[in-house]
Amino acid sequence: IGPCRLLHMSVFSQSFSPCGKFLAAGNNYGEIALFSLSAALGPDANELSQKPILTFTAHEGPVFSLLSTDSHLLSAGNGEISAWSWAELIKKNVKAAWTRRPNYKSSLEIPEINAMALNPADNSLAVGGGDNNVHIMDLENGAFKSVLQGHTDYIHCLSVRERASEVLSGGEDGAVRIWDTRTSQCVHCVEVYKYETCARPQHGKWISCLTTDSDWMLCGGGPSLSLWHLRSMSPTSVFPLSGCQRQATFYQDMILTVGEGQCVSHCLMGGEVKAQIPCTPHSINTLAINTNSTEHRVLTVGGSSDHIDVFTNLSYKAFSLRF
Amino acid sequence: MRVDMGAVTDDEVIRKRLLIDGDGAGDDRRINVLLKSFTKWCNSPATPEEGFTQHQRMHGTLAQCEFSMLKTLMVYDMNIREMENYEKIYSNIEENITSAHEKISECKKEIQRAKRIRKNRQEYDALAKVIQQHPDRHETLKQLEALDKELQQLSDIKENVDAKLELRKKQFHVLLSTIQELQQTLDSRDEQLHLVGVCGHLDVRQSLGPGGRTHQPQEGEHYRHNEVLVRGFKGHLVQPDTHRGGPGGRGQAVSTPPYVIGIQTQSGYLDMDYLYRLKVQ
């Protein structure tokens, strides 16, 4: 890979393997790289172990979303979803198990897929992208079960609320919609930018980051990152972070969030920012925690750089994996 | 491979021999020397003194050998005891390690629990913050009660006013219908009837109460009132606005409403007092 390409590379998505030993990362050139965590974290790690063990071109467009099921890696790019078997990938055999495309209304331009979320309750995949709709696909037979329509602009992010079997979607139109998967109806629609405590009109009204913990929801983007209580549909805390946040997650008793700044922010649910840990990329797109393995429990962040920072202890950056 | 095996065993042999002979050069040699001297002494045809000295020398050597043997035995005992000691220390340390491991896992569980508790507490705080923003329930209930009472009072007042209005409407209706009937009867009977004009805002108490002011009009005066030409007549001009006229004085004959005139008929003059009494009671 030439130095110019490396300079312009952005990592958009990450996913850990089900065994927890490998990390897959997707970039803006449509490539997916597989890194071996056991080699990089082992006692005899060197420069070479921080390079990918396998790099392949998965799609023609950027890979905006990666998701791992128990046996497959799902990647979304250029309007289609491909599945790769993890066992095959570890053996360096690059062949997609299947490739599907949701039913788009217009065939002129292919809308990109920005987010995917897995609903383990009924083994379905929710896919959201540029055509303003959320498509629900059944993983058993690959058919697209339903389409959730309601957003007026493209969808940035999706999240699944397991206990209530609901899908949350956040989009460019500033609305967070909660859909019931059984009836495919929109149960709630929250327009975050209309709440004075959260709104930041100088940034816009789009919602780029959404995650849920069954009772609580974090959403942010143009408006400030805020914590919402879903039963009462009211914002409880607003986090004083200056940039626009792109991904947030609940981890134990903290909230980890990344976005426009060059750092990972640790926040408490009360609304205070406990720490900001600096990292390599100047603007971070994705954050992932390896919950599939106990000995390789690391946090990885990727963004507008060809380096993926690995944190073995949440407080500092240990080393970087390079494309 | 063959050569390798040879080298290994050679090393082993050398090592073994060094080990055996390691205790201060000569133990092995001493035993060999003793044996040789013993055989030489047994086979030597030497004199008894020399034989005796040789014998003594051999005893000495034997004693040395025994001594060194004792020494090695003691060292051996010591080693065994040291080994036991080390075994004990080793097992002690093993126990400590396992207990430390257990403590660590306990502490890890504790920390997980504490983190969960902290998370719950923070969630609680966040919700409490939102709830605090809403007003207190007791306050709201009290306000609601006060408002209810006010509402009740106002509706009572409204009912009263409505009832009064109804009553007045009925009274007024009665009055008008009486006048109409009277007019009709008079019309049918008498053409030179002076009309009664009633207009405007009547203050019933003032105009029709007993003892309304009266005025002695001039004969022949004409009063235009509501397009009804009224001829002056003999009789009384009752002025409803008592304050217009002076007390007891001659009130102004005003052509502006409101005023009520009595009815002059050929049979007599009927004033409003009479009419009022007639109809209402």
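This is a short talk through a predicted model with a chain A and a chain B, going from the place where they meet to a few spots inside chain A.

Okay, hi everyone. Before anything else, please keep in mind that this is a predicted model.

Let's start with chain B. It has 6 helices and 4 strands. If you walk along from the N terminus, the order is α-α-α-α-α-β-β-β-β-α, so to speak five alphas, four betas and an alpha at the end. Chain B has 281 residues, and 19% of them count as buried. And if you take the contacts in chain B between residues at least 6 apart in sequence, 59% join residues at least 24 apart.

Now, how do the chains meet? On the chain A side, 13 residues are in contact with 10 residues of chain B. Together the two chains bury about 1,200 Å² between them, and 52% of that is on carbon and sulfur atoms. For the charged pairs, the rule finds 2 salt bridges across the interface. One of the residues to look at here is Lys119(B), which forms a salt bridge with Asp213(A), with the closest N and O atoms 2.8 Å apart. There are also 5 residue pairs in polar contact across the interface, with both residues at pLDDT 80 or more. Which element of chain A gives the most to the side that touches chain B? That's β20(A), with 4 residues.

So let's look at the sheet that β20(A) belongs to. In chain A, 4 strands form an open sheet in the order β17-β18-β19-β20, and the pairing is antiparallel. The edges are β17, residues 207-212, and β20, residues 234-238, and each of these pairs on one side only. On average, neighbouring strands in this sheet are turned by 25° against each other, ignoring direction. As a quick reminder, strands of a sheet pair through backbone hydrogen bonds, either parallel or antiparallel. Zooming in on one pair, β17(A) and β18(A), the latter covering residues 216-221, are joined by 5 bridges in the antiparallel sense. If you want a spot to click on, Thr211(A) stands opposite Leu218(A) in β18(A).

And here chain B comes back in. Helix α3 of chain B, residues 48-133, lies across β18, β19 and β20 of chain A. That helix runs at about 120° to β20(A).

Next stop, further along chain A: strand β26, residues 299-303. How many of its 5 residues are buried? The count is 5 of 5. In a regular strand the side chains alternate between the two faces of the sheet. For β26(A), both faces are covered: Leu299(A), Val301(A) and Gly303(A) are buried on one side, and Thr300(A) and Gly302(A) are buried on the other.

What does β26(A) pair with? There's β25(A), residues 284-289, which pairs with β26(A) in the antiparallel sense over 5 bridges. Within that pair, Ala288(A) has Thr300(A) as its bridge partner. Then there's β27(A), residues 307-311, also antiparallel to β26(A) and joined to it by 4 bridges. Here Val301(A) stands opposite Asp309(A). The link from β26(A) to β27(A) is a hairpin through 3 residues.

Two single residues to finish. The first one I picked is His151(A), in the loop between β12 and β13 of chain A. Is His151(A) buried or exposed? Its relative accessible area is 6%, and the cut-off for buried is under 20%, so His151(A) counts as buried. Its side chain makes a polar contact of 2.8 Å with the side chain of Ser169(A), and another of 3.3 Å with the side chain of Asp173(A). Leaving aside neighbours within four places in sequence, His151(A) is also in contact with residues including Asn132(A), Arg177(A) and Trp179(A).

My other pick is Thr257(A), which lies in strand β22 of chain A, residues 254-259. With a relative accessible area of 0%, Thr257(A) is buried too. Its side chain makes a polar contact of 2.8 Å with the side chain of Gln245(A). Those two residues are 12 apart along the chain, and their C-alpha atoms are separated by 6.8 Å. Other residues in contact with Thr257(A), again leaving aside neighbours within four places, include Leu225(A), Leu241(A), Cys263(A) and Cys267(A).

That's my tour, thanks for listening.

Key:
Residues numbered from 1 in each chain as written. Chains lettered and ligands numbered in written order. Predicted model: local features only at pLDDT ≥ 70, side-chain atom pairs only at ≥ 80, totals over all residues. Heavy atoms only, no water. Pairing = 2+ DSSP bridges. Helix = DSSP H or I, 4+ residues; strand = E, 2+ residues; numbered from the N terminus. Axes fitted to C-alpha atoms, helices over the stretch in contact; angles between N-to-C directions. Contact = heavy atoms within 4.5 Å. Buried < 20%, exposed > 50% of the residue type's maximum accessible area, 1.4 Å probe, protein only. Buried area = accessible area lost by both parts, 1.4 Å probe. Salt bridge = Lys/Arg side-chain N within 4 Å of Asp/Glu carboxyl O. Polar contact = N/O pair within 3.5 Å; in protein donor to acceptor, adjacent residues only side chain to side chain.
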